[in-house]
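Welcome, and please take a moment with the sequence and the model shown below. The paragraphs that follow will lead you from place to place.

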Amino acid sequence: MSLNDQWRRVRARLQAELGEATFNSWFKQIDLIGVGDGRVMLSVPTRFIRNWIVSHYADRLAKLWADEDEGFARVDILVAAGEPKPESIAESIEEPSRDKRPVSAPAQADGAVVASAIPSGLEDAGVGAPLDPRFTFDAFVVGKSNELAHAAARRVAEATDVSFNPLFLYGGVGLGKTHLMHAIAWEIRTRQPERKVLYLSAEKFMYQFVRALRFKDTMAFKQQFRSVDVLMIDDVQFISGKDSTQEEFFHTFNALIDHNRQVIISADRSPSDLEGIEERIRSRLGWGLAADIHPTDYELRLGILQAKADDMMQKNGPVTIPPGVLEFLAHRIVSNVRELEGALKRVVAYASFVGRPITLDMSQEVLRDLLRSNDRKITIEEIQRRVAEYYNVRLADMLSARRARAVARPRQVAMYLAKQLTSRSLPEIGRKFGGRDHTTVIHAVRKIDELCHLDSGIEEDVDLLRRMLEGGHAPN
Ligand code: ADP
Ligand code: MG
């Protein structure tokens with residue numbers, strides 16, 4: 001078995017475990033340097049990638065190599081040549097062999113766009129979109145689900161040269177993509193005011209382009225976009241299917257990347273999932289770093305609520321929001337951060353309007369509709385699947401007539417959660433569990449209730465499962 005075969009296998013297993021997108025983000029450019037002394041030496045192109053792999057995948061890599069050969073006791077990851085000398089690393093990612101633009105770009109001679117203008121001249125000219133002053137890094141709460149996107153965004157904002165190109169941020173609606181993009185723009189403006197930053201939505205990009213076509217002014221259009229140092233296009237899925245806009249976007253994109261300017265893109269899905277966008281564009285979008293934002297988990301939601309509540313107090317004076325209310329909201333409003341924020345605002349506004357203190361009861365009352373729409377998201381099927389996964393039993397067995405304890409207990413837990421987390425009736429729940437009678441469901445609910453009081457193990461299981469289901473994804 002040659003070393004190369006082993007390396008190929010390690011990579012294949014990583015790819016299978018992590019999925020294509022994650023693998024490509026971190027491991028696409030990893031190389032095997034060699035082995036010696038029981039050490040495997042790998043190299044990656046940048047320090048940032050190295051640090052990320054070390055902090056997130058080191059154990060996994062070590063295990064995979066040990067599986068290949070017990071003699072491989074440790075894995076070292078080095079940054080490939082091209083890395084700047086230690087004293088100049090200064091948290092910046094350098095691209096080797098590209099002509100580096102000086103940090104202070106010379107101002108345009110014609111004065112059309114003053115390079116150091118704050119806010120950017122382009123924004124004043126109506127090309128870009130204004131930045132929301134609330135969307136800063138300080139106001140962004142970091143959790144497991146967004147830590148990668150956040151780290152990458154910070155890196156791009158703090159580097160004096162081009163980092164990953166493009167940085168592609170993607171994730172569902174209301175999870176903070178626009179917030180992060182604005183935060184990058186604010187940060188660059190503060191740290192490096194001489195760099196020209198242009199932020200706009202893909203929709204606005206299209207609008208500008210169509211207008212330029214109509215007024216036969218495409219030269220100026222091209223010029224505007226190609227003279228920036230950092231271009232950010234938000235919600236790029238918007239240009240899918242709009243052929244001429246896509247074409248122009250692609251040219252702009254290529255021109256900027258070829259000139260070593262930073263491009264940052266967001267979309268509601270990964271580059272490879274962007275339907276209606278040409279293959280060559282999709283593939284080029286995935287060349288840099290694609291960082292996804294996952295749905296929030298309970299801890300992050302609570303953290304965000306606490307931050308927003310603090311902020312409200314700073315601005316509007318003391319409002320007392322009992323911790324129980326924040327916890328309740330974090331448990332129940334799972335759809336996205338925008339709704340979560342909206343819920344908090346509604347509760348606070350209502351309380352001040354009627355001049356009553358905020359309570360749990362009142363929150364439930366005020367948010368009835370929102371709670372209901374968030375509730376519907378958990379299905380019995382999902383509960384069954386998660387519970388089976390959790391207890392490591394087969395879903396088919398859980399739904400079967402088998403009475404063995406190993407499947408009977410998970411089945412009861414699943415029934416209990418179905419009763420608690422959905423609005424399905426007992427007979428409906430029974431039917432979904434292999435056509436059981438509603439009395440079986442009642443029995444299961446009572447049993448688990450009882451066990452939760454007697455057995456902290458079961459209580460923990462149920463609590464964890466509930467959080468996972470309410471959070472919409474597994475904490476891992
Ligand atoms: P997207 O662009 O992904 O649809 P936004 O960036 O517009 O989402 O975020 C929606 C709202 O949620 C904004 O008000 C934003 O400030 C807030 N938000 C999202 N994620 C976070 C976070 N991690 N911390 C604080 N606020 C957040
Ligand atoms: Mg957005």
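**Around the ligand**

Ligand 1 is surrounded by 18 residues, and the closest are V141, G174, T178, H179 and E341. Keep in mind as you look that this is a predicted model. Two of those closest residues, T178 and E341, are worth a second look. In the side chain of T178, an N or O atom lies 2.8 Å from an oxygen atom of ligand 1. The side chain of E341 likewise has an N or O atom 2.6 Å from an oxygen atom of ligand 1. With N146, the ligand atom is a nitrogen: a polar atom of the N146 side chain lies 3.3 Å from that nitrogen of ligand 1.

**A sheet and the helices across it**

Now turn to the early part of the sequence. In which order do the three strands of the open sheet lie? The order is β1-β2-β3, and the pairing is mixed. That word is easier to read with some background: strands of a sheet pair through backbone hydrogen bonds, either parallel or antiparallel. The edges of this sheet are β1 (31-36) and β3 (74-79), each of which pairs on one side only. On average, and with direction ignored, neighbouring strands of the sheet are turned by 25 degrees against each other.

Look next at β2, which covers residues 39-44. Strand β2 pairs with β3 in the parallel sense, over six bridges. To find one of the bridge partners, start at S43 and go across to L78 in β3.

Two helices can be placed against these strands. Helix α1, residues 3-18, lies across β1 and β2 and runs at about 125 degrees to β1. Helix α3, residues 47-68, lies across β1, β2 and β3, and its angle to β3 is about 160 degrees.

**Charged side chains that meet**

How many salt bridges does a search of the whole structure find? There are 29. A good one to begin with takes us back to the two helices just described: the side chains of D67 and R13 meet in a salt bridge, with 3.3 Å from N to O. Because D67 belongs to helix α3 and R13 to helix α1, this pair ties together parts that are 54 residues apart in sequence. D67 is partly exposed, at 38% relative accessibility, and R13 is partly exposed too, at 31%.

Further along the chain, R280 forms a salt bridge with E278, and their closest N and O atoms are 2.7 Å apart. R280 has a relative accessible area of 36% and is partly exposed; E278, with 33%, is partly exposed as well.

Another salt bridge joins R282 and E279, whose closest N and O atoms are 3.4 Å apart. These two residues are three residues apart in helix α11 (residues 279-285), so about one helical turn separates them. R282 counts as partly exposed, at 22% relative accessibility. Elsewhere, salt bridges that share partners join R154, E158, E187 and R191 into one network.

**Backbone details in the loops**

Some places stand out by their backbone, and a general rule helps here: most residues other than glycine have a negative phi, and most peptide bonds are trans. With that in mind, find N165 and P166, which are joined by a cis peptide bond with an omega of about -5 degrees. P166 sits in the loop between α6 (147-158) and β4 (167-171).

Then visit N260, which is not a glycine yet has a positive phi of about 60 degrees. The loop that holds N260 runs between α10 (243-258) and β7 (262-267). Is N260 buried or exposed? At 3% relative accessibility, N260 counts as buried.

N392 also has a positive phi of about 60 degrees without being a glycine. You will find N392 in the loop between α17 (380-391) and α18 (395-399). With 71% relative accessibility, N392 counts as exposed.

**A last stop**

Finish at T320, in the loop between α12 (298-316) and α13 (323-332). T320 is exposed, with a relative accessible area of 66%. From T320, look across to T359: the two are 39 residues apart in sequence, and their C-alpha atoms are 9.5 Å apart in space.

Conventions: Residues are numbered from 1 along each chain as its sequence is written. Chains are lettered from A and ligands numbered from 1 in the order in which they are written. This is a predicted model: local features need pLDDT of at least 70, side-chain atom pairs count only at pLDDT 80 or more; totals for chains, interfaces and linings use all residues. Side-chain values use heavy atoms; hydrogens and water are left out. Two strands pair if DSSP finds at least two bridges between them. Helices (H or I, at least four residues) and strands (E, at least two) are DSSP runs, numbered from the N terminus. Axes are lines fitted to C-alpha atoms, for helices over the stretch in contact, and angles run from 0 to 180 degrees between N-to-C directions. Contact means heavy atoms within 4.5 Å. A salt bridge is a side-chain nitrogen of Lys or Arg within 4 Å of a carboxyl oxygen of Asp or Glu. Buried means under 20% relative accessible area, exposed over 50%, partly exposed in between (1.4 Å probe, protein chains only). A residue is near a molecule or strand if one of its heavy atoms lies within 4 Å of it. A polar contact is a pair of N or O atoms within 3.5 Å; within protein, one must be able to donate a hydrogen and the other to accept it, and residues adjacent in sequence count only if both atoms are side-chain atoms.
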